[in-house]
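Here are my notes for you to read alongside the model. They go helix pair by helix pair, then to the sheet, the chain contacts and the confidence.

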Amino acid sequence: MEFANTLIDWLRPDWFLNLVVISDDYNRGRYLAGLWMTVKLSVLSIFFSLIIGILGAAVQGAPSRALRVLVGAFVAFFRNTPPLVQLYFFYFAIGTVLRITGENGLPQPLVSNFGWAVIALSLFAGALNVEIFRAGVEAVPRSTVEAAEALGYTRLQIYRDIVLPLAIRISLPALGTNLVNLVKTTTLAYAIAVPELLYISAQIWSEDLNVREMMNVLLVSYVGLVAILVWVLHRWEKTLRIPGYGE
Amino acid sequence: MTWTPDQPIVSLKDVRKSFGTVEVLSGITLDVMKGEVICIIGPSGSGKSTLIRCINALNDIQAGSITVEGLEVNDPKLDKLSLRKKVGMVFQQYNLFPHKTVLQNVMMAPIKVLRQNRAEVEERARALIAKVRLNGKEDAYPGELSGGQQQRVAIARSLAMNPDVMLFDEVTAALDPETVKEVLTTIKDLAAEGMTCILVTHEMGFAREIADCVYFTDRGVIVESGPPATFFDNAQDPRTQQFLSQIL
Amino acid sequence: MTMRPNAPVRGHMPVLLPMRIRADALPMADRMFNVWTAAALVLALAAVLIAPAFAQDAAPEKRSIIAILLEWTPTLAGGFGFNVLISILSMAIGTILGVGLGVLQVSPIRPIRSVAWLITQFFRNSPWLVLLFYCILLIPFQIEIFGTKIPFPGWIKAVIGLSLPVMAYMSEYMRGAILSIPTGQWESAESLGFSRGQIMTGIILPQTVKRVLPSWMNLYAVLTMATPLVSIIGVSDVMALTRAALSAEGRVDLLIPMYLYILSWFFIYCYPISAVTRLLERKYSVKL
């Protein structure tokens, strides 16, 4: 306990390392709140983007040409435009238009900035996921699908029970890369004042003038978050691994 | 240690090599005199390729010694460049550089490694390409040639360095039967000119024709050796007899 | 004792590897990028842009949306050109550094390999915006070398900031490409007496160019789409100019059309790059 106290003393502002995030309770609290916000953004966006990806890949195989074109346009739009501009578009352009009258009679935004951030990130990553899952779905051999048809499966059953499990395994590496990028892309929410990690850190360093230390803490935090995600994906891949498949 | 022609040009003494815990060479001893052609035959996994690669320092050995023309190959301070100038090697997968033409492939090493004059090298390269019967193909890329043609370019490329010993690692194993003959003819011409050749091969007929001595390896040791006449007709060891009966 | 670097362990999750598409899966991939989707997008864009023009306001002195967009186009085009300039410079710097770092990642000397790997992983896992902040805040505004002052305006710092992740990604691509060259190339070159440096520059690296090209082009598209980030750190790129224009005009009905306008510029610039990348992937995946 004595040692811990000395360590914390050592990290106080007047010493050469200005690590207020560890030494000062208030700042530490803020930093952890920002970290939690980043985690929330990441988890929600990952979740929704996966759903969008799976649905989109399913529609891509649909017989209706109009649907395929629609999904194709959706993916092309989100893949070839900057995510920051997409975010601004949702928050400033659509968000300003989409207002409802609040309780006090003044117009209020329908969706908060956190909400728009999740929507924008989910759509962006979701569009990329559609591509990834589609490639995975198409990598499932046609003969396997035909065998299922011959056994009497319906299209939905084939997709759910045979194609999807195989496609997910095939897509895992690319999917992992995409999800890691998603965690890094949550920093865009800074631009619309969502109090995530980067935003909070900027507040801290503008108050305490310890940019260098905060930067390093920030980078270590993100590397840590990414490492956790990679570990989770690795465990998921291990549980899904089929012996002798794809070697 | 200076080398004189009465000593063996390549000498292996009790060479041992392991890959991790698996021992691949368990005490190989053999000598090759200058101008000799020797063939090493044996079942897969017997260590033939490893043996030849050790002579060229592509793999290191755990025990024993290998000398090439007086150079200690297993010496950690060995100047590999001086070894590679003496020893030329041709591989099973030809390994031509796909982004260079045939002529460039043959010319590259003497210019960049031996730092010889470009005009001289080009003249010699063209002569070598003609010697392996590929004149007209100097400006072709390896991708445009057949397997046998690529292998002959690989031989010309190694010869351009003027080696004293040529090593052939199952050079016809990846070729169609029709193209095997053209490569073997090239090697035969080379041997007739007096080049010291060490071949690892499955081509028994060829071995019988050109070898001065045939070695049979099995599980990392030399089981039997001798001139082709006695070797193929009068094999002593039962393992050799079994192997030959399976192949011939 | 051979010079060839070790290939990665089998079964390890290749999170960091680029995605491989099977050759016969590609024909359907092109269905996504075809006339129909492009047409659908153009129609949607046009509809959104033209529709407000039809919703005429009561006050006649308000200019039409299209007129405003056209009026601002030269300024915004200058901003967009600035984005392109930043992307080209960052790509160039990042590529050169990345190729070097990639070669170091396969070095036979363990400390060099580890350090190179660490640097690559560090910049690969850092958010691009954080790296931009890092550069804008920590690079001095000018440095003195031998008495001459070299100024570092904001946009140069932004270029450096963006070139760091490019360097990291290129390093990974190069490492993968170098490791995919068959061992035989290393061995035969070694047998001919070439030194490691000669083998790398004369034989291995030229062969990696083809393999890396699709990923490289894709990286450029990603980089271009990251350039608006510099508006957050105070560089006057197209995004900063757009927001300035919008606040100057102060019209709510201008928001959606103008953002769509800018989005369409990026789309028109990046879509061909994606299409060519797809073509190249198909062409080279068959050979591999």
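**Notes on the predicted model**

1. Let's start in chain A, where α5(A) passes α6(A) in a right-handed crossing. Keep in mind throughout that this is a predicted model. Helix α5 of chain A covers residues 83–97 and helix α6 of chain A covers residues 113–139; the two pack at an angle of about 135°, and their axes are 9 Å apart. That angle makes α5(A) oblique to α6(A).

2. If you want to look at this pair residue by residue, the α5(A) side consists of Pro83(A), Gln86(A), Leu87(A), Phe90(A), Tyr91(A) and Gly95(A). Facing them in α6(A) are Asn113(A), Trp116(A), Ala117(A), Ile119(A), Ala120(A) and Phe124(A). Sorted by class, the contact of α5(A) with α6(A) has 9 nonpolar and 3 polar residues, with no charged ones.

3. Over in chain C, have a look at helix α5 (residues 128–138) and helix α6 (residues 154–179), whose axes come within 8 Å and cross at roughly 140°. That makes α5(C) oblique to α6(C). The crossing of α5(C) past α6(C) is right-handed. On the α5(C) side the contact uses Trp128(C), Leu131(C), Leu132(C), Tyr134(C), Cys135(C) and Ile136(C). The α6(C) side includes Gly154(C), Lys157(C), Ala158(C) and Pro165(C). By class, the contact of α5(C) with α6(C) comes out at 11 nonpolar, 2 polar and 1 charged residues.

4. Another chain C pair to check is helix α3 (residues 65–105) with helix α9 (residues 238–249), which pack at an angle of about 155° with axes 8 Å apart. Here the angle makes α3(C) roughly antiparallel to α9(C), and the crossing of the two is right-handed. From α3(C), the residues involved include Ile68(C), Trp72(C), Phe80(C) and Asn83(C); α9(C) brings Val238(C), Leu241(C), Thr242(C), Ala245(C) and Glu249(C). The class split for the contact of α3(C) with α9(C) is 7 nonpolar, 4 polar and 1 charged.

5. Chain B gives you a sheet to look at. How are its strands ordered? There are 6 strands in an open sheet, in the order β6-β7-β8-β3-β9-β10 of chain B, with mixed pairing. β6 (87–90) and β10 (221–226) of chain B stand at the edges with a single partner strand each, so one side of each has no neighbour in the sheet. On average, and ignoring direction, neighbouring strands of this sheet are turned by 20° against each other.

6. Within that sheet, strand β7 (residues 165–169) of chain B pairs with strand β8 (residues 196–200) of chain B in the parallel sense, over 5 bridges. For a concrete spot to click on, Phe168(B) has Leu199(B) in β8(B) as its bridge partner. Two helices go with the sheet. Helix α5 (residues 147–159) of chain B packs on the sheet and touches β6 and β7 of chain B, with a direction about 170° from that of β6(B). Helix α6 (residues 177–192) of chain B lies across β3 (37–41), β7 and β8 of chain B, and runs at about 145° to β8(B).

7. On to the chain contacts. Between chains A and C, 47 residues of chain A are in contact with 44 residues of chain C. Which element of chain A gives the most to the side that touches chain C? That is α10(A), with 12 residues. The chain A residues on this side divide into 34 nonpolar, 8 polar and 5 charged.

8. The contact between chains B and C takes 19 residues from chain B and 16 residues from chain C. On the chain B side, α2 (80–86) and α3 (102–112) each supply at least two residues, and α2(B) gives the most, with 3 residues. By class, the side of chain B that touches chain C has 10 nonpolar, 5 polar and 4 charged residues.

9. Last, a word on confidence in chain A. Its mean pLDDT is 83, and 86% of its residues reach 70 or more. Among the elements of chain A, helix α1 (residues 2–10) has the lowest mean pLDDT (56), while α6(A) has the highest (91). Over residues 10–16 of chain A, pLDDT stays under 50. Where pLDDT is low, predicted coordinates should not be read in detail.

Methods: Residues are numbered from 1 along each chain as its sequence is written. Chains are lettered from A and ligands numbered from 1 in the order in which they are written. This is a predicted model: local features need pLDDT of at least 70, side-chain atom pairs count only at pLDDT 80 or more; totals for chains, interfaces and linings use all residues. Two residues are in contact if their C-beta atoms, placed from the backbone, lie within 7 Å. Helices (H or I, at least four residues) and strands (E, at least two) are DSSP runs, numbered from the N terminus. Ala, Val, Leu, Ile, Met, Phe, Trp, Tyr, Cys and Pro count as nonpolar, Asp, Glu, Lys and Arg as charged, and the others, Gly among them, as polar. Axes are lines fitted to C-alpha atoms, for helices over the stretch in contact, and angles run from 0 to 180 degrees between N-to-C directions. Angles under 35 degrees count as roughly parallel, over 145 as roughly antiparallel, 65 to 115 as roughly perpendicular and the rest as oblique. A crossing is left-handed if the near helix is turned anticlockwise from the far one by less than a right angle, and right-handed if clockwise. pLDDT is the predictor's confidence in each residue, from 0 to 100. Two strands pair if DSSP finds at least two bridges between them.
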